[in-house]
Amino acid sequence: MCMLSRNATFNSHGQDSSYFLGWQEYEKTPYHEVHNTNGIIQMGLAENQLCFDLLESWLAKNPEAAAFKKNGESIFAELALFQDYHGLPAFKKAMVDFMAEIRGNKVTFDPNHLVLTAGATSANETFIFCLADPGEVLLIPTPYYPGFDRDSKWRTGVAIVPIHCTSSNGFQITETALEEAYQEAEKRNLRVKGVLVTNPSNPLGTTMTRNELYLLLSFVEDKGIHLISDEIYSGTAFSTPSFRSVMEVLKDRNCDENSEVWQRVHVVYSLSKDLGLPGFRVGAIYSNDDMVVAAATKMSSFGLVSSQTQHLLSAMLSDRKLTKNYIAENHKRLKQRQKNLVSGLQKAGISCLNGNAGLFCWVDMRHLLRSNTFEAEMELWKKIVYEVHLNISPGSSCHCTEPGWFRVCFANLPERTLDLAMQRLKAFVGEYYNVPEVNGRSQSSHLSHSRGQSLRKWVSRLSFDDRCPIHGR
Amino acid sequence: MLSRKASCDSHGQDSSYFLGWQEYEKNPYDQVKNPNGIIQMGLAENQLSFDRIESWLASNPDALELKRNRESVFRELALFQDYNGFPAFKNEMVEFMANMRGNKVKFDPSKLVLTAGSTSANETLMFCLADPGEAFLLPIPYYPGFDRDLKWRTGVEIVPIKCTSENGYKITESALQEAYQQAQKFNLKVKGVLVTNPSNPLGTTMTRLELNHLIDFAMEKEIHIISDEIYSGTVFNSPSFISIAEALTERNLEDDEVWNRCHIVYSLSKDLGLPGFRVGMIYSNNQTVVSAATKMSSFGLVSSQTQYTLSQMLKDKKFTANYMKENQRRLKRRKEMLVCGLKGAGIRCLESNAGLFCWVDMRHLLRSNTFEAEKELWKKVVCEFGLNISPGSSCHCSEPGWFRMCFANMSEETLMVAMQRVKALVDSTIVHQQTGLSKSRWLKSKWVFQLASYEREPDR
């Protein structure tokens, strides 16, 4: 009889959700331009593959950065031994400068308040360990990144209470929603420790308004709780309104180190989305609270960034010419790609939330639902995965309160694949929704023979095989 | 309004183990620039064979430049965040681990979980095997960092298995049983035993007998065994290293339940001297553990850049075989230098065959057989004689007067200077004892410092 912990045996890692299941299906038959043209196109992975050429060309011109050299001298031994959880000073300096640059230099960051972690996944969990005890609560606006269920709750024992946002106002956070969430927690006798927001938002692809940020600050000030602003998409804000960091708003409101709320506002950052480097595991915690910085620094022992990677990236990010050019070009390409997606969806009669950031669109497919229910959303999602051969993320996996919304990614695939995806979607909407409806179940009998065949070809028993190499926010 | 974890000090970082290191940081020895500074002998790093790795890297630029057959694989690596790990790297790792064990056991890459260092591996195993309030038994003396790694965020307790110098600190059947009963007395449910083999701080490998006692005990109590084998490549003398995997196979226990309750932790920080690269791993035959640990590794994955570079290096079997052999030869020589130097000062060590340190017997230098006297001696060694060594009490040793001294993190010349200082210390202690001087220092010291506390990253 094997005695394992509750952590190991329960499924509170959240990895049995549909978000991950769709990905598993994709893994079984991934689309390939040549080898598998009928395969599933991955549109559930929030990766930024649009600007690698800029980084590759920089690497080719700057071989020292990867080669453990500095001014022609080998620093291999120094790096091999460097495991200081305070981080490589040159890298932290480069990171805070880059973070400031992304924010138009309207705010600056102190490298002594930055804690490096192995990815934002580690940063978020570490923050929760520092700010909340088991059984306490974090409020998170819906819809939110499905991985938060694991990152914030699993090993920490902290609970999430949703702040319900709806399409009635573009999913913006309201005072009422904040209060309601807080009271919901109180009703359950749970102590609220803070609010976690993602700005720009995943899955919405929008930046928070000044009004929302002001509301949030007032709310956390009033309740005496923390605010964690996950700003990992801050470099992907490609359109107006421009990205506004919570740190900027603190400054606007003249909240400085003498104000209480100053100590309770924290930022999470990462290079996974802006630079497209999720494999390098570079995340960071930024806090004005010395105690949080101290505790998080010690905790980062459990997930330090490889010194080899710190060295490479400190050289890269210290090159201002590169960063300036990269930020501008990244915006340009993301904007164009989003435009292509939106236009393709429009041709299929599908609209999106007006997005100005991120690597995805928040797509409105409510009109394609059989009924305004999550069952109908699941049905539609399965059709899209198995018939249309597109892996997209259903809103329910993001805890959206309204059925029919889906997150569709646009920066992780070549343009021609995106075009193909849109063609498939258009064909699906055209064929499927032009067929006279009899009832939900016999819909398939009206399908053409070839469509029936492809349905049989793609239907497979959903298994819980643990092949999910998940991270793609 | 922070969590209890953030506000309390159960990270264990206020122990003397770390304080000595802080003093070193203020005044580090440098042969040229600061010859009176404190010599760091509290850091279990392996700096002896970098030249080998450096020269391999210089001859194999693809590995660092992230190329395969001169084609860039940057893009592929930049996107690779699969917590199942880079297949080429895992394949090389299991072969490397098998070679180190004389190929007496084979490992399956699908049972290997990569983590950001063994610090992460050990904590992750705790999260997988025990709930808050449950306990693991650890033989003393043990690595001080375990207090943080195993207990801090997991809420798991450590109950010591008492080992003494009487029998060379070997784990006995009765010590195991006593520890278990002690846990029961405190109403703590014991989930397993964690051993470090080769041992830190002892520098010795576990005997076959000890391993068998351990396995019998785990079978009887139906608990887990975690064998932290991060020093397995540093065995430079006989008896040769016996992994828990080998001990189990020898007894044909592959079909026994205990097979699913034995887990190995490994890392490249000690054998290859690469602590900065954060490469650790868990190996388990238990599918549920592998599955849960794999998901948990999301919180501390190994950089794909590093996985790639090391997969290329480990692929070169000729290089790794030569490296291991040369590394062991250099470690042996260096250890002998330390033992000889200490002997010259009338100080003995536990006889050891592995690790990056010696377990040194300074009991005869204590004013009294107490931990207060040990602390006094330790402060004298750090502050008056400029050597940062680790006092046994920081490793939870039950007998005062033992110290861990590292030998692989400095040059030979520096080790010689350290030995001279040890001789000076002993001479001063003898004179002190002979003339009955007060406890205050005999030598006018160049190295007096006031102990203060500030934070520093601990290291094994």
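Okay, let's start right at the seam in this predicted model: between domain 1 of chain A and domain 2 of chain A there are 23 residue pairs in polar contact, counting pairs where both residues sit at pLDDT 80 or more. And how many salt bridges do we get between domain 1 of chain A and domain 2 of chain A? The count there is 0.

Let me back up and say what I mean by the two domains. Domain 1 of chain A comes in two stretches, 6-52 and 323-431, while domain 2 takes 64-319. Going by C-alpha atoms, their centres lie 25 Å apart.

Now the contact itself. On the domain 1 side of chain A, 37 residues touch domain 2, and 42 residues of domain 2 touch back. Together the two domains of chain A bury about 3,400 Å², and 59% of that falls on carbon and sulfur atoms. If you want names to look for on your screen, try Thr323(A), Asn356(A) and His399(A): those three supply 19% of the area domain 1 buries against domain 2, more than any other three residues.

So which elements does the domain 1 side draw on? In chain A, α13 (320-347), β12 (360-364) and β15 (405-409) each put in at least two residues. α13(A) gives the most to that side, with 9 residues.

Last bit, the chemistry. The domain 1 residues of chain A that touch domain 2 split into 16 nonpolar, 16 polar and 5 charged. Put that beside the opening numbers for these two domains of chain A: 23 residue pairs in polar contact, and 0 salt bridges. That's my bit, thanks.

How values were computed
Residues are numbered from 1 along each chain as its sequence is written. Chains are lettered from A and ligands numbered from 1 in the order in which they are written. This is a predicted model: local features need pLDDT of at least 70, side-chain atom pairs count only at pLDDT 80 or more; totals for chains, interfaces and linings use all residues. Side-chain values use heavy atoms; hydrogens and water are left out. Domain bounds come from an automatic or database domain assignment. Contact means heavy atoms within 4.5 Å. Buried area is the accessible area (1.4 Å probe) that two parts lose on being put together, summed over both. A salt bridge is a side-chain nitrogen of Lys or Arg within 4 Å of a carboxyl oxygen of Asp or Glu. A polar contact is a pair of N or O atoms within 3.5 Å; within protein, one must be able to donate a hydrogen and the other to accept it, and residues adjacent in sequence count only if both atoms are side-chain atoms. Helices (H or I, at least four residues) and strands (E, at least two) are DSSP runs, numbered from the N terminus. Ala, Val, Leu, Ile, Met, Phe, Trp, Tyr, Cys and Pro count as nonpolar, Asp, Glu, Lys and Arg as charged, and the others, Gly among them, as polar.
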